[in-house]
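Look over the sequence and the structure below before reading on. The paragraphs that follow go through the helices and then through two of the buried side chains.

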Amino acid sequence: MLDAAQGWLATALQPVVVKRSAKVSVLVGTILVAINQGDVFVTGALTSDLLWRIPLTYLVPYCVSTYASVDAIRSTGKV
């Protein structure tokens, strides 16, 4: 089990996966922040509550993209 987790993590940390996930995170995260908190930026009513929500808005697409990339790479058997 530990070997499988280490293999998954090694694949997730490959530069090609990290770069792809970062690009997806920036694009999708920015769109989601604009949709969900756009009014806050327009009105200037940024609260401390949003200081943890906004990074999570970028983290979720990063994790989803990483999971999908690792799954696709490992399913080809070329790991």
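**Helices and their buried faces**

Helix H2 bends by about 75 degrees at Gln 37. The model is a predicted one, and the bend is a convenient place to start reading it. H2 runs over residues 15-43 and has 29 residues. From its first C-alpha to its last, H2 reaches 39 Å, close to the 42 Å expected at 1.5 Å a residue. Just after H2, Gly 44 takes a positive phi of about 75 degrees.

Helix H3 covers residues 50-76 and holds 27 residues. At 1.5 Å a residue H3 should span 39 Å, and its end C-alpha atoms lie 40 Å apart, so the span agrees with the expected value. Just after H3, Gly 77 takes a positive phi of about 75 degrees.

Which residues of H2 are buried? They are Val 17, Ser 21, Ser 25, Gly 29, Val 33, Gln 37, Gly 38 and Val 40. The residue at the bend, Gln 37, is therefore also one of those with under 20% relative accessible area. An α-helix has 3.6 residues a turn, so residues three or four places apart point the same way. The buried residues of H2 pack against H1 and H3.

In H3, the buried residues are Leu 50, Ile 54, Thr 57, Pro 61, Ser 65, Thr 66, Ser 69 and Val 70. They pack against helix H1, residues 2-12, and against H2. The packing between H2 and H3 thus appears from either side: buried residues of H2 pack against H3, and buried residues of H3 pack against H2.

Two serines of H2 show this packing in detail. Ser 21 lies in H2 and is buried, with a relative accessible area of 0%. Leaving aside residues up to four places away in sequence, Ser 21 touches Tyr 62, Ser 65 and Thr 66. Of these, Ser 65 and Thr 66 are among the buried residues of H3. A polar contact of 2.8 Å joins the side chains of Ser 21 and Thr 66.

Ser 25 is also found in H2. What is its relative accessible area? The value is 7%, and Ser 25 counts as buried because the cut-off is under 20%. With residues up to four places away in sequence again left out, Ser 25 touches Thr 30, Tyr 58, Pro 61 and Tyr 62. Here the polar partner is a backbone atom: the backbone oxygen of Tyr 58 lies 2.6 Å from a polar atom of the Ser 25 side chain. Tyr 62 is touched by Ser 21 and by Ser 25.

Conventions: Residues are numbered from 1 along each chain as its sequence is written. This is a predicted model: local features need pLDDT of at least 70, side-chain atom pairs count only at pLDDT 80 or more; totals for chains, interfaces and linings use all residues. Side-chain values use heavy atoms; hydrogens and water are left out. Helices (H or I, at least four residues) and strands (E, at least two) are DSSP runs, numbered from the N terminus. The expected span of a helix is 1.5 Å times one less than its number of residues. Buried means under 20% relative accessible area, exposed over 50%, partly exposed in between (1.4 Å probe, protein chains only). Contact means heavy atoms within 4.5 Å. The bend at a residue is the angle between axes fitted to the seven residues ending there and the seven starting there. A polar contact is a pair of N or O atoms within 3.5 Å; within protein, one must be able to donate a hydrogen and the other to accept it, and residues adjacent in sequence count only if both atoms are side-chain atoms.
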